[in-house]
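User: I should like to understand the terms used to describe this structure. Please explain the grounds for each one.

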There are 2 protein chains.
Amino acid sequence: MQKHISFSEIMNMEKQERVHFINSLGGFKSVSLLATVNNYGQTNLAIFSSIFHIGSNPPLIAVIFRPNPPERDTLRNILETGFYTINHINENIYKQAHQTSARYDADISEFDVSNLTSEYKNNFKAPFVKESNIQLGVEFKEKIEITINNTIMIIGEIKEVYFPENCQSEDGFLDIEKANTITCSGLDSYHKTIRLDRLSYAKPNKEPTSIL
Amino acid sequence: MQKHISFSEIMNMEKQERVHFINSLGGFKSVSLLATVNNYGQTNLAIFSSIFHIGSNPPLIAVIFRPNPPERDTLRNILETGFYTINHINENIYKQAHQTSARYDADISEFDVSNLTSEYKNNFKAPFVKESNIQLGVEFKEKIEITINNTIMIIGEIKEVYFPENCQSEDGFLDIEKANTITCSGLDSYHKTIRLDRLSYAKPNKEPTSIL
């Protein structure tokens, strides 16, 4: 049976029920670990499920920050240093990744409490997560205030990419499923994936074909 | 073996290779059909993989539009009428959904060429996709120009939600995997999911537990 819920019913929901419900509606989400370091060398690690592609030329990626904790350390470090890393989450580390969402004090590194390993390489200013199979080094480019609900969008340019060599196709596509990247839905549901197909570029009056 | 690609190597890629590569880096994406109608009753249907949650109170959802076709009909209709629908894609319709990305003329409805069914209900001004299991009726709220690469972010408020009754948990969470919603990666790769777990709200010094 199909159920219908209207705007007024959404607004009348108890707060946590609404948060769970609305967070489910956008579909499956990218989920990654953002790693930063402040100017005193204190690292921070936090899980985000609001990461999205903005453009390929130049390579831009964005993240939405809610106005409140626990993301404040990440945002402050990005604005302070101009650099951060985005690290895909795989099946081996999703519980540790989830734990980074607990509200630790600013002087505690979530790397330590989650037993994930910070990795500095090639002089990039922010640490990567060693256990992550796909790692992006990103430079802060723009902060956009979304005034309608006081959220903040941070746009960054992808400067460095690390990935398993055997996961890239000849056409450039990176097989993130093969790299064990997972996805999430809602606030707390983690999922691995099974590829259905890759489909050819769509043209009028022509059925798309498999390009696997 | 881990491979490293730097910004300059990205910028030196052939255009299509870069598009495939960078679109893969953001992780798994929400993929849905946006349905609109213009003031003369001409419907339009287009697949988008740049949909993301903005906030729950009020319930806001956003989509990124590239500056060029083929999305121009969708954007014009949204601005003209103020309403659109976001319809989750499932395993039964992903090939038809992909086909809507072909560049049809404005006087052709992608509902017709993809054999998907438009469904008007409860006086909502835009059509839903009947074959979709989770359908959102959305009202346009704000247009934000992302000047760094001339893309446009459209923010809408969720006014109506339709979903299978047996897919909602008591805490509000909607099990979109049970509703057969799929995800995508890159430009053209479609994936179904297998839940790993739902994890409890994270607290310092406490292991997250399964809440399935």
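Analyst: The following exchange takes up confidence, symmetry, the contact between the chains, strand pairing and burial in turn.

User: What makes the model of chain A a confident one, on the scale from 0 to 100?

Analyst: This is a predicted model, and pLDDT is the predictor's confidence in each residue, from 0 to 100. The mean pLDDT of chain A is 95, and 98% of its residues reach 70 or more. The model as a whole scores ipTM 0.96 and pTM 0.97.

User: Why is the relation between the chains called that of a two-fold axis?

Analyst: A turn of 180° with a shift of 0.0 Å along the axis lays chain B on chain A, at an RMSD of 0.0 Å. That is the relation of a two-fold axis. The same surface serves both copies, as 99% of the contact residues of chain B recur in chain A. Within chain B, the residue closest to the rotation axis is B:Thr193, whose C-alpha lies at 2.1 Å.

User: How many residues does each chain give to the contact, and of what kinds are those of chain B?

Analyst: Chain B gives 93 residues and chain A gives 93 residues. On the side of chain B that touches chain A, 43 are nonpolar, 30 polar and 20 charged.

User: How do you know that strand E11 of chain A pairs with strand E1 of chain B?

Analyst: Pairing requires at least two bridges. Five bridges join E11(A), residues 151-164, to E1(B), residues 2-6, and the two strands run antiparallel. One of the bridges links A:Phe163 with B:Lys3.

User: What makes E2(A) and E2(B) edge strands?

Analyst: An antiparallel open sheet of six strands runs in the order E2(A)-E12(A)-E13(A)-E13(B)-E12(B)-E2(B). E2(A) and E2(B) each pair on one side only, and they are the edge strands. E2(A) is joined to E12(A) by two bridges, which meets the requirement of at least two. A:Lys29 has A:Cys184 as its bridge partner there.

User: Which residues of helix H3 of chain B are called buried, and on what ground?

Analyst: A residue is buried if 20 or more other C-beta atoms lie within 10 Å of its own. In H3(B), residues 72-81, the buried residues are B:Asp73, B:Thr74, B:Leu75, B:Asn77 and B:Ile78. They pack against strands of chain B, including E3, E4 and E6. After H3(B) comes B:Gly82, with a positive phi near 85°.

User: Which residues touch the most other members of the largest nonpolar core?

Analyst: Of its 104 residues, these are A:Ile61, A:Ala62, B:Ile61 and B:Ala62. A:Ala62 touches residues including A:Phe52, A:Ile54 and A:Met153.

Technical notes: Residues numbered from 1 in each chain as written. Chains lettered and ligands numbered in written order. Predicted model: local features only at pLDDT ≥ 70, side-chain atom pairs only at ≥ 80, totals over all residues. Buried ≥ 20, exposed ≤ 12 C-beta atoms within 10 Å, placed from the backbone. Helix = DSSP H or I, 4+ residues; strand = E, 2+ residues; numbered from the N terminus. Contact = placed C-beta atoms within 7 Å. Least-squares fit on C-alpha atoms with pLDDT ≥ 70 in both. Nonpolar A, V, L, I, M, F, W, Y, C, P; charged D, E, K, R; others polar. Core = buried A, V, L, I, M, F, W, Y, C linked by C-beta atoms within 7 Å. Lists of a residue's contacts leave out its neighbours within four places in sequence.
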